[in-house]
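Biologist: Can you pull up the model? I have a few quick questions.
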Amino acid sequence: HNSELNALRSQLNPHFVHNSLNAIQYYIQRNEVEISEDYLTKFSKLMRLFFDYSRKKLITLEEEVIFLTKYLQIEKLRYENKVTYGIEIDEELDLEEYVIPTMILQPILENAVNHGVFHKAGTGHIMVRFEKQSTEDSYKVSIIDNGIGFKKSKELQKSQKASTKAHSSEVIKERLDILNEGKEWNIDYKILDRSETSSMSGTAVFITFKHNIE
């Protein structure tokens, strides 16, 4: 069980590392010293957190928010401000008290950037929201982007499939299924194409986590 989870977790080790290093190189070549230094500093902090957290099964929501913020800052730098983001936290939700399985949300954000926002004309926005639920030990995370949407990104991927690996949403789903098979978590995962219910384009992911503390 654990080995399956670990295997899936390592599959999600971001190819983002590769992209970041390319971007840093790009800024260095253009001789934009300040940007490349800023980028490198942020990148090394994120990597340190990444290796630190990936050894743990659970982290607090507070640690998760710090990690996601650092990740999104880097994507914003990498896409030269083509990406904007917001993180909203319910006041009722105590970030130090609640925990989350590591490396679940970052790949979803990475999907939002690479498969949604990247292909969009104009600025992409990613909204992350943490909300307390009425059931005890339960909270909901929403990740909403205004990119091209889940359906179009799947179609794009079909046409380029030789060069890209499986949509990481499938790997995420697999990990959540394994977590649900254990007794510790009940996780509800929904992914919607926003164009189906509104005039907006983009993808909305809603995940409700319930931690069953013995």
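Modeller: Take E62 to begin with. E62 is partly exposed because its relative accessibility is 34%. Buried means under 20% relative accessible area, exposed over 50%, and partly exposed in between, with a 1.4 Å probe and protein chains only. Bear in mind that this is a predicted model: local features need pLDDT of at least 70, side-chain atom pairs count only at pLDDT 80 or more, and totals for chains, interfaces and linings use all residues. Residues are numbered from 1 along each chain as its sequence is written, and side-chain values use heavy atoms, with hydrogens and water left out.

Biologist: Which patch does E62 help form?
Modeller: A negative surface patch, made by E62, D94, E96 and E97. Patch residues have over 30% relative accessible area and no salt bridge; like charges are joined within 9 Å, nonpolar side chains (Val, Leu, Ile, Met, Phe, Trp, Tyr) within 5 Å. Asp and Glu count as negative, Lys and Arg as positive; His and the chain ends are not counted. The charge is placed at CG of Asp or CD of Glu, NZ of Lys or CZ of Arg. Areas come from the Shrake-Rupley method with a 1.4 Å probe, and for residues only the protein chains shown count as cover.

Biologist: Where is E62 found?
Modeller: In helix α4, residues 61-78. Helices (H or I, at least four residues) and strands (E, at least two) are DSSP runs, numbered from the N terminus.

Biologist: What span should α4 have?
Modeller: 26 Å, for 18 residues at 1.5 Å a residue. The expected span is 1.5 Å times one less than the number of residues. The end C-alpha atoms of α4 are 25 Å apart, which agrees.

Biologist: Which residues of α4 are buried?
Modeller: L61, E64, V65, F67, L68, Y71, L72, I74, E75, L77 and R78.

Biologist: How far apart are N19 and R78 in space?
Modeller: 8.5 Å, C-alpha to C-alpha, with their positions 59 residues apart in sequence. N19 is in helix α2, residues 16-29. N19 is partly exposed, at 21% relative accessibility.

Biologist: New topic. How many salt bridges are there?
Modeller: Ten. The rule is a side-chain nitrogen of Lys or Arg within 4 Å of a carboxyl oxygen of Asp or Glu. One of them joins R30 and E32, with the closest N and O atoms 2.4 Å apart. R30 is partly exposed at 37%, and E32 is partly exposed at 23%.

Biologist: What about D38, which residue does it bridge to?
Modeller: K42, at 2.9 Å between the closest N and O atoms. Both lie in helix α3 (residues 33-54), four residues apart, about one turn of the helix. D38 is partly exposed at 32%, and K42 is partly exposed at 23%.

Biologist: And what meets E63 in a salt bridge?
Modeller: The side chain of K56, at 3.6 Å, N to O. K56 is partly exposed at 31%.

Biologist: On to the backbone. What is the phi of M103?
Modeller: Near 60°, a positive value in a residue other than glycine. Most residues other than glycine have a negative phi. M103 sits in the loop between β3 (99-101) and α5 (105-117).

Biologist: Is M103 buried or exposed?
Modeller: Buried, because its relative accessibility is 6%.

Biologist: Where is D137 placed?
Modeller: In the loop between β4 (124-132) and β5 (138-145). Phi of D137 is near 55°, also positive. D137 is partly exposed, with a relative accessible area of 24%. E80, just after α4, takes a positive phi of about 45°.
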